[in-house]
Amino acid sequence: MRRINEKFGMRNLRGFLKGLNKIIKFQIQRLPNRGKMVKICCIGAGYVGGPTMAVIALKCPKIEVAVVDISVPRINAWNSDQLPIYEPGLDEVVKQCRGKNLFFSTEVEKHVAEADIVFVSVNTPTKTRGLGAGKAADLTYWESAARMIADVSKSDKIVVEKSTVPVKTAEAIEKILTHNSKGINFQILSNPEFLAEGTAIKDLFKPDRVLIGGRETPEGLKAVKALKDVYAHWVPEENILTTNLWSAELSKLAANAFLAQRISSVNAMSALCEATGADVSQVSYAVGTDSRIGPKFLNASVGFGGSCFQKDILNLVYICECNGLPEVAEYWKQVIKINDYQKTRFVNRVVASMFNTVANKKVAILGFAFKKDTGDTRETPAIDVCKGLLGDKARLSIYDPQVTEDQIQRDLTMNKFDWDHPLHLQPMSPTTVKQVSVVWDAYEATKDAHAVCILTEWDEFKTLDFQRIYDNMQKPAFFFDGRNIINVNKLREIGFIVYSIGKPLDAWLKDMPAVA
Ligand code: NAI
């Protein structure tokens, strides 16, 4: 009898489980996108779009990611073995996903039409003409991307602002989309990117935070949740912050302004150190050990560069001015002024130390990228330093492990801000700078030179054979370290006259004016 009961109980349990299974299956079928792979499309295959989407594809194998761009050479490069940007670890990530769930294409409209989520990561240059010239962001590329999305969409979409944009851009984009929507529902999110070039893959794998801003409506919150779910594949929930649209947009500008401000602060200190005999490395170490301040971004240098810092601060300044806050605008402007001052100061040091003229003297430039581990030269301080030395008629021999001759020539002949347009739309000067040669070896660059300037902190420059360099240079041999990476005493022992930013000066340099 007991056995019969047990058998009967088992049968009931089986029946119950079968029923439960059916209900679960039915519920799952009702979920959106059931049976359909979520599709992401990113407009703009640049320094942000490429690496970010590659990491999303790697971490979310069930999501199909298409990265699209109007630049054919750029897309061809993403589909080749020679990726268009150098970033440690990027090659491996791309190789693992490309052709599986990661695609690079110039078929912009097709992929946008098919996508559920569209990221927009196009250029946002500084305006060079018209209202706000020299400060405001030029949203031409953003607006044309938004109009195209509205044009080709046949299904509801989440549109994600990934480019750094002025506050309230999302609202403007929302207007463009909804006024052209043909009944399609667009939700706009702001998801600014905080990656740093040179460590982009590391930053994307383990971001300090992911920030998602959206409308605080039921549809807005649903869209925020959908994007949060993408990042939740690998980012801990507590690191995914959600805010309203404008806080997200402003946070990105504020974060870059704060970072740049730290560099300008320590660079301002470096000038005072040189005047007083203090050592800026010791000062910044002492300051940085205060746990309220922290040690990062406190290295004195020839100045900050990169595509974002200056542009984002100018943008911030413009927004402050437009909102009737001239004092706040002035405060942030000073960060850029100190950066310019630091570059001018460096050039003046070089010229003043070398008997007030560098005319026809060979000066070796080691490093052209705006920082190590990237080939990016946008707003690199090397451009202004080289132009300053060329203005004094120097002959430059430049070596950078990642930057091509073509890029260096472009940078030295292009107008300010022109670099931030898609490659095929950049106005090009027909001439090259004849006093500049680009070589592929630091020893070649320094041979017969009167002076060496380190402008990028590449690790390989720390271990150069400085004795060999000294032996092959003109005398007196000058060494100007714009990144504080060499051992000043060791070089002085060899015989160099050494200047290292913010360090106690050689007797030779003491009476030389560093400011024009
Ligand atoms: P990028 O210049 O490397 O890439 C932008 C790409 O967009 C270009 O390849 C261009 O051809 C493409 N593009 C422009 N208009 C287009 C259109 N209508 N359709 C299709 N493609 C189009 O720029 P990057 O560095 O990737 O920056 C993009 C945005 O992200 C900018 O707003 C920048 O300020 C921001 N940002 C950049 C960071 C960086 O480290 N580079 C970090 C965080 C944000």
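Here are some worked exercises on the predicted model shown above.

**Exercise 1. Getting oriented**

Find how many helices and strands the protein has, and what share of its residues count as buried.

*Solution.* Start with the secondary structure: the protein holds 19 helices and 14 strands. Next, take the accessibility: 52% of the 516 residues count as buried. Finally, for the overall dimensions, the C-alpha atoms fill a box of roughly 105 × 60 × 45 Å along the principal axes.

**Exercise 2. A ring pair in detail**

Decide whether the rings of Phe355 and Phe478 are stacked, tilted or edge-to-face, and work out which parts of the chain they tie together.

*Solution.* Step one is the geometry. The two ring centres are 6.3 Å apart, and the planes make an angle of 85°. Because planes over 60 degrees apart count as edge-to-face, the pair of Phe355 and Phe478 belongs to that class.

Step two is the location. Phe355 sits in the loop between α13 (326–353) and β9 (362–366), while Phe478 belongs to strand β13 (residues 478–481), so this pair ties together parts 123 residues apart in sequence.

Step three is the surroundings. Phe478 has a relative accessible area of 2% and is therefore buried. Phe355, at 53%, counts as exposed.

**Exercise 3. A second partner for Phe355**

Describe how Phe355 pairs with Trp508, and say which parts of the chain this pair ties together.

*Solution.* Begin again with the rings: the centres of Phe355 and Trp508 are 5.6 Å apart and the planes 70° apart, which makes the pair edge-to-face. Now place the partner. Trp508 is in helix α19 (residues 507–510) and Phe355 in the loop between α13 and β9, so the pair ties together parts 153 residues apart in sequence. Trp508 has a relative accessible area of 34%, so it is partly exposed.

To widen the view, follow the ring pairs onward: they link Phe346, Phe355, Phe478, Phe480, Tyr499 and Trp508 into a cluster. Across the protein, the count comes to 16 aromatic pairs.

**Exercise 4. Charges over rings**

Which rings lie under Lys59 and Arg209?

*Solution.* Take each charge in turn. Lys59 lies over the face of Phe205, 4.4 Å from the ring centre. Arg209 lies over the face of Phe194, at 3.7 Å from the ring centre.

**Exercise 5. The ligand and its shell**

Work out which residues come nearest to the ligand, which contacts its oxygen atoms make, and how much of its area the protein buries.

*Solution.* First, the shell: 26 residues surround the ligand, and Asp69, Arg74, Thr124, Glu197 and Arg378 come nearest. By character, the shell divides into nine nonpolar, ten polar and seven charged residues.

Second, the contacts. A side-chain N or O atom of Asn123 is 3.0 Å from an oxygen atom of the ligand. Lys311 places a polar side-chain atom 3.0 Å from a ligand oxygen. With Thr164, it is a backbone N or O atom that lies 3.0 Å from an oxygen atom of the ligand.

Third, the area: the ligand taken alone exposes 840 Å², and the protein buries 95% of that.

**Exercise 6. One residue in a helix**

Is Ile319 buried or exposed, and how far is its C-alpha atom from that of Val439?

*Solution.* Locate the residue: Ile319 is part of helix α12 (residues 309–322). Its relative accessible area is 17%, and because buried means under 20%, Ile319 is buried. As for the distance, the C-alpha atoms of Ile319 and Val439 are 43 Å apart, with these positions 120 residues apart along the chain.

How values were computed
Residues numbered from 1 in each chain as written. Predicted model: local features only at pLDDT ≥ 70, side-chain atom pairs only at ≥ 80, totals over all residues. Heavy atoms only, no water. Phe/Tyr/Trp six-rings, centres within 6.5 Å; stacked < 30°, edge-to-face > 60°. Helix = DSSP H or I, 4+ residues; strand = E, 2+ residues; numbered from the N terminus. Buried < 20%, exposed > 50% of the residue type's maximum accessible area, 1.4 Å probe, protein only. Lys NZ or Arg CZ within 6 Å of the ring centre and 35° of its normal. Near = heavy atom within 4 Å. Polar contact = N/O pair within 3.5 Å; in protein donor to acceptor, adjacent residues only side chain to side chain. Areas by Shrake-Rupley, 256 points an atom, 1.4 Å probe, with all protein chains shown as cover. Nonpolar A, V, L, I, M, F, W, Y, C, P; charged D, E, K, R; others polar.
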